Amino acid sequence: MRDRVARLQDKLAERELDAVLITEPHNRRYISGFTGTAGYVLVGRREAVFLTDFRYVEQARAQVSGLQVVRHGAQVTDTLRELLQAWGARRVGFEQEHVSVGWWERLRAALAPVELVGTSGLVEESRMVKDEGELARIRRAAAIADQAFRAVLDLVRPGVRERDLAVALERTMQDLGASGPSFEIIVASGWRSALPHGVASDKLVEKGDLVTFDFGCVYEGYCSDLTRTVGVGFLDEPKRRMYEVVEEAQRAALAAIRPGMTGREADAVARSLIEEAGFGEAFGHSLGHGLGLAIHESPRLAAQSEEVLRPGMVVTVEPGVYVPGVGGVRIEDDVVITPDGCARLTFSPKELLIL
Ligand code: ZN
Ligand code: ZN
């Protein structure tokens with residue numbers, strides 16, 4: 001974790017900060033390696049400390065590297081003040097997107113006359129580009145999702161409950177080594193497939209339904225995110241057409257995505273094809289999102305995103321069309337940006353499956 005601390009220290013200098021307090025759990029884990037639920041990372045120009053209470057101090061000593069582990073007293077603010085005074089820190093950053101107003105007021109009162117400066121994205125910027133260890137974990141999380149999807153296909157038939165399919169997916173992923181799902185599993189059949197975020201319900205799958213599965217798992221802290229849509233029994237022509245359009249748009253986006261492209265340009269590849277096919281209004285969300293410790297992180301593949309893709313970034317590519325009363329189709333893969341394009345991390349088949 002020493003290089004991650006060093007990168008953060010470089011940013012302190014750029015932003016004329018003497019120190020920064022990191023409290024967001026994914027950022028805390030990224031910088032320190034600590035997987036527990038209570039702790040603070042305080043990084044100065046030359047110093048780096050991990051603070052936690054007596055419940056976690058042993059775990060922190062085992063997991064944290066590159067930072068000094070300090071057990072704080074009843075009030076963490078007292079320990080923070082002592083450290084900052086010892087370092088001579090005057091301007092101290094905090095993660096303004098991730099703290100409550102109450103905590104900020106307490107901190108400001110306790111640390112005065114230190115000047116608290118709101119920062120955003122300090123750690124998130126580094127998290128966008130994954131190192132080999134991170135990629136290996138995401139690959140494993142993706143492979144587990146692929147394997148779980150293959151297993152759940154055997155259970156898809158008229159009369160099965162959406163919720164039972166979600167339970168089967170979750171159990172299979174855990175059997176394969178996942179610590180849990182990366183978000184609440186979506187199984188949306190028939191009219192519900194037109195809901196982009198239709199969490200599995202008690203609805204029974206029926207003949208003629210499109211069924212969308214959107215799920216993923218967490219493996220050693222890292223997420224996967226996979227969507228496939230299948231047909232049950234038969235599919236009428238309008239639904240087949242929707243599938244064809246989404247599949248073509250998804251394949252086109254995968255073929256086009258490469259370093260140097262902005263999130264907006266990537267989104268436009270899929271969106272223009274879907275618009276030309278007459279489904280522009282039916283593709284109401286963005287093309288994809290970054291993936292890592294968090295299920296949604298930077299960069300975004302969206303019409304408003306000027307973020308530039310770089311090798312080592314991991315993003316989802318997930319166009320969809322949703323027609324109320326008819327149904328919806330979404331196809332989503334996880335990819336890593338390579339020096340000359342992108343490489344898939346999820347490999348579930350995407351030819352139309354009618355079960
Ligand atoms: Zn998804
Ligand atoms: Zn996604």
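Biologist: Let's start with one residue. Leaving aside neighbours within four places in sequence, what is Ile-31 in contact with?

Modeller: In this predicted model, Ile-31 is in contact with Met-1, Arg-4, Val-5, Leu-8, Val-41, Leu-67 and Val-123.

Biologist: How should I read a set of contacts like that?

Modeller: In soluble globular proteins, nonpolar side chains tend to be buried together. Here, the largest nonpolar core has 35 residues, and Leu-8, Ile-31, Val-43 and Leu-67 touch the most other members.

Biologist: Where does this core lie with respect to domain 1 and domain 2?

Modeller: Between them, because domain 1 (2-127) and domain 2 (132-344) both give residues to this core. Apart from it lies another core, of 29 residues, including Leu-254, Phe-279, Ala-282 and Val-321.

Biologist: Now Val-329, please: is it buried or exposed?

Modeller: Val-329 counts as buried, because its relative accessibility is 0%. You'll find Val-329 in strand 17 (residues 327-330). Beyond residues up to four places away in sequence, Val-329 touches ten you can pick out, among them Leu-210, Met-242, Tyr-243, Val-246 and Val-321.

Biologist: And how do I read a sheet?

Modeller: Strands of a sheet pair through backbone hydrogen bonds, either parallel or antiparallel. One open sheet here has three strands in the order 7-10-11, with antiparallel pairing.

Biologist: Which strands stand at the edges?

Modeller: Strand 7 (180-181) and strand 11 (222-223) do; each has a single partner strand, so one side of each is left without a neighbour in the sheet. Two bridges join strand 7 to strand 10 (residues 217-219), and Gly-180 has Val-218 as its bridge partner in strand 10.

Technical notes:
Residues numbered from 1 in each chain as written. Chains lettered and ligands numbered in written order. Predicted model: local features only at pLDDT ≥ 70, side-chain atom pairs only at ≥ 80, totals over all residues. Heavy atoms only, no water. Core = buried A, V, L, I, M, F, W, Y, C linked by side-chain atoms within 4.5 Å. Buried < 20%, exposed > 50% of the residue type's maximum accessible area, 1.4 Å probe, protein only. Domains from an automatic or database assignment. Contact = heavy atoms within 4.5 Å. Helix = DSSP H or I, 4+ residues; strand = E, 2+ residues; numbered from the N terminus. Pairing = 2+ DSSP bridges.
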